[in-house]
Amino acid sequence: METIIIVAAIIIILLIVIILVWWIAAQNKFRTTQVKIDEASSGIDIALTKRYDTLTKMLDITKSYAQHESELIGSTVQMRSMSSMQERKNFNDSINEAIGRINAVAEQYPILLSSQAYKQLQVAAYDVEEHLQAARRAYNANVSIYNQMLVMFPKSIVANSMGLTPKEFFEAESAKRNDVKML
Amino acid sequence: MAYIYNRQQSDNDPYNEVNINARKAAERNAPPEAFFYNTGNPFLGFMRFLRRIPVAKKQVDPQRLMADLREIANTKKTNMFTRMFGVIIVIFAACILSAFNGGIAVLAASIAIVIIFFKTKTSKTTHGYTVNDYKAYVIEQSIAPFVDEIVYEPNFGIPYSVVKDLNVVRMGNRYSTEDLVTGKYRNVYFAQADMRIEYKSDDSTIIYFRGKWIAVKYPKGFSGTVTAVDRDYMNRIRKAKGLEYVSMENESFNSLFAVESSSQHLAYYLLTPQLMERIMYIKQYARGQVVVCFKNGYLHIGINNYQNTFEPDYNKLDLYSDIEKFRNEFNLVRGIIEILDIDKSVYNQ
């Protein structure tokens, strides 16, 4: 009888240890994913800041050809603090719109369009845009993994105990979503 | 510097077939960066240790070329027949001689067989064309309409130290590479070559890699390393130092390839969704294992499918079939460059 009790006690202790180890591992997994999300999120912020800088430089160059239009476009986009993904998305949308308007203005001034400085800025804008896309994909991939873990049993128990909530995705620009809309 | 190798001119060695071993030793000891030129086609640096400048293009008459190739094919068949006949005669003579002195008979037979195998008929062809001329002509005809600055070097390939530096494939103790084709497609420089990496021990030979290696100059600037290695490829180097595992958003790609990178952002920047699809297509099309590595401004793709780029089929010589075959094979390189979308991007302005 005593042996049975000892064996049962050992099994229970082992089970508790296994659950404890699993619990800690699950918590660490959540924390690691959160760090990755934060890293990807800062990647988005860096890319957005670079986009804004490039936009400012483009506006400066355009100013010498079309001062009024340049100032008008510049007034629509201002650097702001971004706490949510929706704010980041809105900021990015406004930069997109401004770049589109600058290109439209540049079309009217062939000298500006063919200038080396403007071309270099276009290259820079293209490169920053690609970095932003990479940061967005990385962020969304991490958020997807994180959100899946939150709802999957038994990890959902750990998530609830840690008070974790689903993260917001960084949505593609509405113009780009329309590009792939099926008719 | 130890890796500098003196070139010498040699009119009788158009494809640099003399002193290959000395040249290869110099190549092996050179640092990887020594093989990429900063201006023009960077891959011409692969031939930095060439004993002479790249071979000038020959004017080729296709009919005469094919006539010479048929001669070469016939010579090969004759050589094979002569060897077999010679070996039978030697064995027969050795059997008779062994009745008088067994030791001398075995020694004489061994020497005779070695001579038979190494003494092959190497007479020149009627019009002076070689198999390498044939290959050069096939390559020129296949890709010249859309590739600029084509260079073909039959005895060159991707240098050992360049592949070793990527740290994705186990290097074994035997390395050979040949049939280098380099040029410019849509303003992007590329190189491709056949490659074979083995580990040879006393009693066995293990092939680590055998197939095609493609390198593309990547016009976008990046610093760091990204590797995507086929999970089916057993001879890969796992978890290279300084790299972290990255999970991509494409689940199919993740199940087929293990991605490691200096940073997650770099992996997502370089491995675009289109490129991932293309890599999976290459794996399916080439029926082998695929190794991808971005490093030092270059994209490297290795296809381990145990196939050589092309060798003429001596039993059934067909120039137009070979041209079509090489053009189809080159479509892999075209597809990669097109999918990278770097040719028409603003980077080349």
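1. Strands here are DSSP runs of E, at least two residues, numbered from the N terminus. In this predicted model, B:Asp179 lies on such an element, namely strand β2 of chain B, which covers residues 174–185.

2. The relative accessibility of B:Asp179 is 3%, and because buried means under 20%, this residue counts as buried. Its side chain nevertheless has polar partners: a contact of 2.6 Å joins it to the side chain of B:Tyr152, and another, at 3.4 Å, links it to the side chain of B:Lys135.

3. Leaving aside residues up to four places away in sequence, the residues that B:Asp179 touches include B:Glu153, B:Pro154, B:Phe156, B:Gln192, B:Ala193, B:Asp194, B:Phe310 and B:Glu311, with B:Lys135 and B:Tyr152 also among them.

4. In chain A, A:Arg51 belongs to helix α1, and with a relative accessible area of 6% it is buried. The side chain of A:Arg51 makes a polar contact of 2.7 Å with that of A:Asn96, while its other contacts, not counting residues up to four places away in sequence, include A:Asn92, A:Ile95, A:Ile99, A:Val128, A:Glu129 and A:Leu132. Between A:Arg51 and A:Met152 there are 37 Å from C-alpha to C-alpha, for a sequence separation of 101 residues.

5. On confidence, chain A has a mean pLDDT of 83, with 91% of its residues at 70 or more. Among the elements of this chain, helix α1 (residues 2–63) has the highest mean, 90, and helix α7 (residues 174–179) the lowest, 50. Residues 177–183 of chain A have pLDDT below 50, and this stretch has two contacts in the model beyond near neighbours in sequence.

Note on methods:
Residues numbered from 1 in each chain as written. Chains lettered and ligands numbered in written order. Predicted model: local features only at pLDDT ≥ 70, side-chain atom pairs only at ≥ 80, totals over all residues. Heavy atoms only, no water. Helix = DSSP H or I, 4+ residues; strand = E, 2+ residues; numbered from the N terminus. Buried < 20%, exposed > 50% of the residue type's maximum accessible area, 1.4 Å probe, protein only. Polar contact = N/O pair within 3.5 Å; in protein donor to acceptor, adjacent residues only side chain to side chain. Contact = heavy atoms within 4.5 Å. pLDDT = per-residue confidence, 0-100.
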